[in-house]
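Please look over the sequence and the model below before reading on. The briefing is written for a first-year student and goes topic by topic.

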2 protein chains.
Amino acid sequence: MIQKLIEKIQKTHAPIVVGLDPMLNYIPEHIKEKAFAEYGETLEGAGEAIWQYNKAIVDATWDLIPAVKPQIAMYEQFGLEGLKAFKKTVDYCKSKDLVVIGDVKRGDIGSTSAAYAVGHLGKVQVGSKSYYGFDEDFATVNPYLGSDGIKPFLEVCKEEKKGLFILVKTSNPSSGEFQDQLIDGKPLYELVGEKVAQWGEECMGEKYSYIGAVVGATYPEMGKVLRKVMPKSFILVPGYGAQGGKGADLVHFFNEDGLGAIVNSSRGIIAAYKQEKYAKFGPENFAQASRAAVEDMAADIAQALQNR
Amino acid sequence: MIQKLIEKIQKTHAPIVVGLDPMLNYIPEHIKEKAFAEYGETLEGAGEAIWQYNKAIVDATWDLIPAVKPQIAMYEQFGLEGLKAFKKTVDYCKSKDLVVIGDVKRGDIGSTSAAYAVGHLGKVQVGSKSYYGFDEDFATVNPYLGSDGIKPFLEVCKEEKKGLFILVKTSNPSSGEFQDQLIDGKPLYELVGEKVAQWGEECMGEKYSYIGAVVGATYPEMGKVLRKVMPKSFILVPGYGAQGGKGADLVHFFNEDGLGAIVNSSRGIIAAYKQEKYAKFGPENFAQASRAAVEDMAADIAQALQNR
């Protein structure tokens, strides 16, 4: 799957992932009205509104981007009906040949991690048959529980040729509270990064491992260090746009070959029509605003990489 | 909710939580056969088998225990059908007046953590209406992302009078890989424990906070230290039984008042009929084996607390 991601990045010239993190207040009124007219102001209605919103954005952007990253929390908040919309979104994006990164941030111990790995990336056995559960291509994973929490995910990834992005340094303001603490003079995130590189060695594609890392765009200096600590790992970089990261901050997350990083933007793209810059599209043409925002983001990153 | 948990512990004399972590290979053949006959060897069939298995165990043990802890990974591995069984289990346990601890180990940043908090503990707004999603009483949470990942959960807990158990020191062998690393001479888990105590101050019940911690039974010495670091936090203690923890290891997790800890056993109770000790019950009476295992576990802990 890392090869497919790389090929798609090279084809689109856009190391970009669109974060499909639908909040109801991002969704234009006409979509909500239609969904609520059909299903009422119910969880089912919310699920339908989310799905229609996602579908329109995917339809307007899929040819420009290699990957999408649905954030499962935004669906899980609506319970089972929300998760149905998550699954529909995953399946639809795969039918458009997009790489799907499930932003699930799961992580547990032994057999429990194995269950998450099976549910999101692999197949579960039921009697003599086996089935895919949510069937994303990559999943994000939390490393706090250590190697025996990660290894069951690695096993499933090897079997399915799928991948992970392991949280190393997150984009939020208080990420340093634990992640930046010094251990023998070295921050915890660096220790986690070293482990990611080590886990990744077992799971190599051609040049890159299919075990990657999450490092926030909001911490470019740390990105520079972590790029060297994990030379063969792809870095998923959240925090561009709405969270404050800029194209120029991102260059150190990439290797000399122009690969090695994929930058996420969620609100900045899916709710672009709410920004002054794209207001001319109006709520009716929100998906076209998203397309314009993708084009601008790709240009911003290309420019920054050219100027480095 | 912490008051309810305490009252139920005092009433049952059993600081015990039954981990409802159904693996298909724990489930007796007669239950699987019936479910597969009705729904086939499908995800739906697996969900039905899990649900019938859980229901029988709950029916056989609910009067002896204060709480249950369904591990969502074991349901999520079966995709949407598994999660339907999770929701049915949560609802059924609540109808039996059990405290339900959703072992979900979620954790993210800002609005994303808020979405998880809403989905598992709170109400989500849909237009003019609001709905509970999964509606557990407590949830387990991963702290790796720091305070701004935890705070949205605290807000929902305050509003709903529900609670958290935050991962501090997990029961697995490699938990020390990151959690035991020394920061200014103090292990990371202790730093996290201090934060739990601090977050808990904002969320006090009468004597105990409704913000608790997870500390593995497999690390009793660390439990002793953490008990003092977080004097007002309940500790959820996994790792008893199958993972190797014994009653005598547990005494330091409790305060002098005999409260402050609740010990989880999963496999040791729900698959008790597979142990030599309870083999006489046979697969047909698996739920009665679970009841006997609960009684033995309660006696083991009571004995250990008496002897301290």
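What follows is a briefing on the barrel, some of the helices and strands, the contact between the chains, and a few backbone angles.

The model is predicted. In chain B, eight strands close into a barrel with parallel pairing, in the order E1-E2-E3-E6-E7-E10-E11-E12. Chain B and chain A bury about 5700 Å² between them, and 71 residues from chain B and 71 residues from chain A take part in the contact.

**The barrel of chain B**

- Strands of a sheet pair through backbone hydrogen bonds, and the pairing may be parallel or antiparallel.
- One pair in this barrel is made of strand E7 (residues 163-169) and strand E10 (residues 211-215) of chain B, which are joined in the parallel sense by five bridges, and Leu164(B) has Ile211(B) in E10(B) as its bridge partner.
- Helix H9 (residues 188-201) of chain B packs on the sheet, where it touches E7 and E10 of chain B, and the direction of this helix makes about 165° with that of E7(B).
- Strand E12(B) pairs in the parallel sense with strand E1 (residues 16-18) of chain B over three bridges, with Val17(B) standing opposite Asn264(B).
- Strand E11 (residues 235-237) of chain B also pairs with E12(B) in the parallel sense, over three bridges, and here Leu236(B) stands opposite Ile262(B).

**Two covered strands**

- In a regular strand the side chains alternate between the two faces of the sheet.
- In E12(B), Ala261(B), Val263(B) and Ser265(B) point one way while Ile262(B) and Asn264(B) point the other way, and all are buried; with five of its five residues buried, E12(B) is mostly covered.
- In chain A, eight of the eight residues of E3(A) are buried, so this strand is largely enclosed by the rest of the structure.
- One side of E3(A) carries Val99(A), Ile101(A), Asp103(A) and Lys105(A), and the other side carries Val100(A), Gly102(A), Val104(A) and Arg106(A), all of them buried, so that both faces are covered.
- E3(A) runs parallel to E2(A), to which two bridges join it, and Val99(A) is the bridge partner of Ala67(A).
- E3(A) also pairs with E6(A) in the parallel sense over three bridges, and Ile101(A) stands opposite Phe138(A) in E6(A).

**Helix H1 in each chain**

- An α-helix has 3.6 residues a turn, so residues three or four places apart point the same way.
- In helix H1 (residues 2-12) of chain A, the residues Ile2(A), Leu5(A), Ile6(A), Lys8(A) and Ile9(A) are buried.
- Seen down the axis of H1(A), these buried residues fall within an arc of 165°, so they line one face of the helix.
- The face of H1(A) turned away from the buried side carries the exposed residues Glu7(A) and Lys11(A), while the buried residues pack against several strands of chain A, including E3 (99-106) and E7 (163-169).
- In helix H1 (residues 2-12) of chain B, the residues Ile2(B), Leu5(B), Ile6(B), Lys8(B) and Ile9(B) are buried.
- These residues of H1(B) cover an arc of only 165° around the axis, which puts them on the same side of the helix.
- On the other side of H1(B), Glu7(B) and Lys11(B) are exposed, and among the elements that cover the buried residues are strand E6 (138-141) and strand E12 (261-265) of chain B.

**Where the two chains meet**

- Of the area buried between chain B and chain A, carbon and sulfur atoms give 64%.
- On the side of chain B, Glu41(B), Tyr144(B) and Phe178(B) lose the most area to chain A, and together they make up 16% of what that side buries.
- Between chain B and chain A the count is six salt bridges, and Glu76(A) forms a salt bridge with Arg106(B) in which the closest N and O atoms are 2.9 Å apart.

**Positive phi angles**

- Most residues other than glycine have a negative phi.
- His13(A), just after H1(A), takes a positive phi of about 55°.
- His13(B) lies in the loop between H1 and E1 of chain B, has a positive phi near 50°, and is exposed with a relative accessible area of 64%.
- Asp184(A) has a positive phi near 50°, is placed in the loop between strand E8 (182-183) and strand E9 (186-187) of chain A, and is exposed with a relative accessible area of 80%.

Methods:
Residues are numbered from 1 along each chain as its sequence is written. Chains are lettered from A and ligands numbered from 1 in the order in which they are written. This is a predicted model: local features need pLDDT of at least 70, side-chain atom pairs count only at pLDDT 80 or more; totals for chains, interfaces and linings use all residues. Side-chain values use heavy atoms; hydrogens and water are left out. Two strands pair if DSSP finds at least two bridges between them. Helices (H or I, at least four residues) and strands (E, at least two) are DSSP runs, numbered from the N terminus. Contact means heavy atoms within 4.5 Å. Axes are lines fitted to C-alpha atoms, for helices over the stretch in contact, and angles run from 0 to 180 degrees between N-to-C directions. Buried means under 20% relative accessible area, exposed over 50%, partly exposed in between (1.4 Å probe, protein chains only). The arc is that of the directions from the helix axis to the C-beta atoms. Buried area is the accessible area (1.4 Å probe) that two parts lose on being put together, summed over both. A salt bridge is a side-chain nitrogen of Lys or Arg within 4 Å of a carboxyl oxygen of Asp or Glu.
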